[in-house]
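This explanation leads the reader through a single protein chain, from its sheet to its helix packing and its aromatic contacts. The sequence and the structure are shown first.

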Amino acid sequence: MPVITMRQALHDALREEMLRDPDVFCLGEEIGRFGGSYKVTEGLLDEFGPDRILATPIAEGGIIGLATGAAMTGLRPVAEIMTINFIIVGMDQLVNNAAKIPYMFGGEARVPLVVRTPSGAGHQLTAQHSQVLEVWFAYVPGMYVVAPSTPADAKGLLKSCIRDDNPILFVENLVMYNEKGEVPEGDYTVPIGQAAVRREGEDVTIISYSRMVHLALQAADELADAGISAEVIDLRSLRPLDVDTVIESVKKTNRALIVHEGWRKFGAGAEIAAQIQELAFDYLDAPVARITGKDVPLPYATSLERAALPGLEDVVGGAQSLVGRS
């Protein structure tokens with residue numbers, strides 16, 4: 001299989017879906033001549049023209065509102081929001097309109113809308129540009145929230161999302177656009193709401209998504225050197241959440257460690273921990289543990305930014321603690 005970057009995988013998914021279905025179009029700030037802030041849409045304007053690659057003003061509410069209306073008429077818009085931090089401006093359109101219209105119209109109106117946006121920290125972009133807010137949208141009935149960790153999944157999931165009839169927030173991690181990985185050739189899709197077991201193990205289950213999956217896999221390597229066998233679950237989507245795969249793994253290992261980049265209180269890990277406690281309590285040999293970002297606005301200084309984010313030693317230490325506590 002060819003090895004390509006996450007950026008290229010996303011670009012290829014968009015191009016292939018636009019070639020396959022004339023109802024697919026893209027809109028967002030600087031996605032035309034500039035090729036998007038992260039160059040995902042580079043070259044698409046020349047190939048598909050301004051009617052299908054719409055460069056918009058800086059107006060997130062307008063972007064999502066336009067896309068929602070277009071989706072209701074039968075088109076399949078893919079809206080790019082420059083960063084998840086800016087999606088707050090368009091949150092009313094996404095949460096109060098896109099997510100609720102199918103329900104409020106009794107299923108007579110569908111909203112096949114994809115909103116692509118990067119999330120996460122790591123580039124000293126400070127508190128207003130480094131937030132992990134996807135859990136806000138995973139809270140909303142009617143929304144799907146997808147967050148791939150590999151180029152292969154990024155391409156396959158984006159294609160699935162574009163073909164789906166629900167409004168979907170497609171979360172790309174800010175520091176992963178240059179990450180490389182093998183991607184299958186030809187047309188393929190990855191199911192929405194199906195987690196992947198990235199590594200099998202016997203002693204502890206590490207559950208994560210997006211960039212933190214790679215941290216979990218690094219930790220699993222270190223844990224193996226210490227004689228601890230860690231199973232790593234990549235959720236791939238927060239809503240729908242593949243609880244069955246998580247529970248099956250925890251029943252096998254009897255310990256669960258949840259790792260995510262966002263804030264600890266009321267975060268994605270809290271929901272996952274609650275599901276494990278409700279569905280696999282009798283199988284637990286230790287309390288469910290969480291490794292998360294610190295509950296602070298992210299600092300600018302590199303040393304402070306690093307201290308506020310989950311690190312390799314945090315994950316390794318958390319897993320060792322769980323195994324030692326049994």
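The paragraphs below take up the sheet, then two helix pairs, and then an aromatic contact.

The model is a predicted one. Its sheet is open and is formed by 7 strands, which follow one another in the order S3-S2-S4-S5-S7-S6-S12 with mixed pairing. The edges are held by strand S3 (53-55) and strand S12 (237-239); each has a single partner strand, so one side of each is left without a neighbour in the sheet. On average, neighbouring strands of this sheet are turned by 20° against each other, direction ignored.

The edge at S12 can be followed at the level of residues. Strand S6 (residues 144-146) runs antiparallel to S12 and is joined to it by 2 bridges. Val145 has Arg239 in S12 as its bridge partner. As a general matter, strands of a sheet pair through backbone hydrogen bonds, in either a parallel or an antiparallel manner.

Attention now turns to the helices. Helix H1 (residues 6-20) packs with helix H7 (residues 151-163) at an angle of about 30°, and their axes are 8 Å apart. Angles under 35 degrees count as roughly parallel, and H1 and H7 are therefore roughly parallel to each other. Their crossing is right-handed. On the H1 side, the residues that meet H7 include Leu10, Leu14 and Glu17, while those of H7 include Ala154, Leu158 and Ile162. By class, the residues of the contact of H1 with H7 are 9 nonpolar, no polar and 7 charged.

A second helix pair involves helix H9 (residues 243-253) and helix H10 (residues 268-280), which pack at an angle of about 60° with their axes 10 Å apart. H9 and H10 are therefore oblique to each other. H9 passes H10 in a right-handed crossing. Val243, Val246, Ile247, Val250 and Lys251 of H9 make the contact with Gln275, Ile276, Leu279 and Ala280 of H10. The contact of H9 with H10 comprises 7 nonpolar, 1 polar and 1 charged residues.

The last feature concerns aromatic side chains, of which the structure holds 1 pair. Tyr38 and Tyr177 form this pair, which is stacked, with 4.9 Å centre to centre and 15° between the planes. The pair links distant parts of the chain, 139 residues apart: Tyr38 belongs to the loop between strand S2 (24-28) and helix H2 (44-48), and Tyr177 to the loop between strand S7 (168-173) and strand S8 (180-182).

Definitions and conventions
Residues are numbered from 1 along each chain as its sequence is written. This is a predicted model: local features need pLDDT of at least 70, side-chain atom pairs count only at pLDDT 80 or more; totals for chains, interfaces and linings use all residues. Side-chain values use heavy atoms; hydrogens and water are left out. Two strands pair if DSSP finds at least two bridges between them. Helices (H or I, at least four residues) and strands (E, at least two) are DSSP runs, numbered from the N terminus. Axes are lines fitted to C-alpha atoms, for helices over the stretch in contact, and angles run from 0 to 180 degrees between N-to-C directions. Angles under 35 degrees count as roughly parallel, over 145 as roughly antiparallel, 65 to 115 as roughly perpendicular and the rest as oblique. A crossing is left-handed if the near helix is turned anticlockwise from the far one by less than a right angle, and right-handed if clockwise. Contact means heavy atoms within 4.5 Å. Ala, Val, Leu, Ile, Met, Phe, Trp, Tyr, Cys and Pro count as nonpolar, Asp, Glu, Lys and Arg as charged, and the others, Gly among them, as polar. Rings of Phe, Tyr and Trp (its six-membered ring) pair if their centres lie within 6.5 Å; planes under 30 degrees apart count as stacked, over 60 as edge-to-face and the rest as tilted.
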